[in-house]
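Open the model in your viewer and keep the selection box ready. We will go stop by stop.

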Amino acid sequence: MKVDVDIGDGHPARIGALARAAETLGFDAGWVTETRREPFVAAALALAATHRLQVGTGVAIAFARSPLVIASAAFDLAALSGGRFLLGLGSQVRGHVVRRFGMPWSAPAPRLGEWIGAIRAAWANWQEGAPFVFRSEHLDLSLMPDFFRPPPLEFDAPAGRPRIELAIAGVGPHMARLAGRAADGLHVHPFHTARYLDEVIEPALAAGEAERDPTLTLRRCERLLPVFVVPSEDVAAREAVRGQVAFYASTPAYRAVLRLHGRERAGERLSRLAATGRWAEMPALIDDELLAEVAVVAPLAALPDALAARVGGHAQRVMPLLPLELEPDGTPSNGRRWEGLIAALRSA
């Protein structure tokens, strides 16, 4: 199992140091998020600071950008890093796409499928000289003069053919099915439970994989699981995660997880509190039983084995949601804790 780490959305001046620390500790990949920062800039900084670590956008918001802008950024980052860049895309929810990014909204899974097709069409043109033509409900692309075509990627690849891995994020079965059909990986949302993976995500992924176009030559869709991790002795950490879970549970788009566990009414109450700005009242609606379904809660010494038991059989990549903390000289201050988690997960 590959073990990844969130290298954050913090100040750009810290990204390089975090990426180097992640590489030193032996992580397989570091992921940068699109919350407060521009993810492609952060990814470039992390890649430039490292030699082995894979770096990915976890995730970049697809509908905030045209497919060709995304394709070009990913192509340059792959060239910069010798193939270490991983492209992760997400749809976000309607309110953010329309009122934060000022972009149009439509059914997200079909539209993200169009974006994936257009991105792959651009890459095929640049890498292999394939005709650049992609037409769909929202896109009509056919113009690629030589002056605007980047040179092909040139780095060693396991199959002898440079390529960029493209994964998408998803909460529900529609995105999971799209990932199974058209992507290299699925970033499962942190707001999930083991039962939700078994009963909702895996069947949808399997259905999508059965529909794959054989000309894409994609391997089995890689599952990446970000998992909240809570040392039971750490009251502050437990309450911080409880608040994060409450925030996610207040979003109607994520309501299916609560519905599966008979907690939909709590989600409705959380949504009402969020709509009126009563954020401080929300964590109390996430009781310890629900918290333990979403997060791995265990004594610090038992956390590695508890996390390994939770993700074993569910994922090819796992990202424990613990901070990577640095000393002033850039060395990891919690490196021993991370080393124990990495070792346990690699043997899961």
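Is strand E1 (residues 2-8) mostly covered or mostly uncovered? Select residues 2-8 and look. Strand E1 is mostly covered, with 5 of its 7 residues buried. Keep in mind that this is a predicted model.

**Stop 1: the partners of E1**

Stay on E1 and add residues 29-32, which form strand E2. E1 and E2 run parallel, joined by 4 bridges. Pick out Gly8: opposite it in E2 stands Val32.

Now add residues 317-321, strand E12. This strand also runs parallel to E1, and 2 bridges join the two. Click Val3 in E1; its bridge partner in E12 is Val318.

**Stop 2: the whole chain**

Zoom out. The chain has 13 helices and 12 strands. Along the principal axes, its C-alpha atoms fill a box of roughly 60 × 45 × 35 Å. A compact globule of 348 residues would have a radius of gyration near 20 Å, and the chain agrees because its own value is 20 Å.

Colour by burial next. Of the 348 residues, 51% are buried. Then turn on the surface: the chain exposes about 15,800 Å², and carbon and sulfur atoms supply 55% of that.

Colour by charge. You will find 38 positive and 39 negative side chains. The centres of these two sets lie 4 Å apart.

How much of the contact list joins distant parts of the sequence? Among contacts with a separation of 6 or more, 71% are between residues 24 or more positions apart.

**Stop 3: strand E9**

Select residues 185-188, strand E9. In a regular strand, side chains alternate between the two faces of the sheet. Check that here: Gly185 and His187 point one way, while Leu186 and Val188 point the other way. All four are buried.

Add residues 165-170, which make up strand E8. E8 and E9 pair in the parallel sense over 4 bridges. One bridge to find is the one from Ala167 to Gly185 in E9.

**Stop 4: two backbone oddities**

Most residues other than glycine have a negative phi, and most peptide bonds are trans. Two places here are worth a look.

First, select Gly58 and Val59. The peptide bond from Gly58 to Val59 is cis, with omega near 10 degrees. Val59 sits in the loop between strand E3 (54-57) and strand E4 (60-61).

Next, select Gln92. Its phi is positive, about 60 degrees, although Gln92 is not a glycine. Look for Gln92 in the loop between strand E5 (85-90) and helix H4 (94-100). Gln92 counts as partly exposed because its relative accessibility is 27%.

**Stop 5: Ala204 in helix H7**

Select residues 194-210, helix H7, and find Ala204 in it. Is Ala204 buried or exposed? Its relative accessibility is 9%, so Ala204 counts as buried; the cut-off for buried is under 20%.

Which residues does Ala204 touch, leaving aside neighbours within four places in sequence? Show Pro173, Ala176 and Arg177: these are its contacts.

Now draw a distance from Ala204 to Asp6, C-alpha to C-alpha. The two are 26 Å apart in space and 198 residues apart in sequence.

**Stop 6: Arg269 in helix H10**

Finish at Arg269, in helix H10 (residues 264-275). Arg269 has 43% relative accessibility, so it counts as partly exposed. Draw a last line from Arg269 to Leu153. Their C-alpha atoms are separated by 51 Å, and the two residues are 116 apart along the chain.

Technical notes
Residues numbered from 1 in each chain as written. Predicted model: local features only at pLDDT ≥ 70, side-chain atom pairs only at ≥ 80, totals over all residues. Heavy atoms only, no water. Rg over C-alpha atoms; globule rule 2.2 N^0.38 Å. Buried < 20%, exposed > 50% of the residue type's maximum accessible area, 1.4 Å probe, protein only. Contact = heavy atoms within 4.5 Å. Areas by Shrake-Rupley, 256 points an atom, 1.4 Å probe, with all protein chains shown as cover. Lys, Arg positive; Asp, Glu negative; His and termini not counted. Charge placed at Lys NZ, Arg CZ, Asp CG, Glu CD. Pairing = 2+ DSSP bridges.
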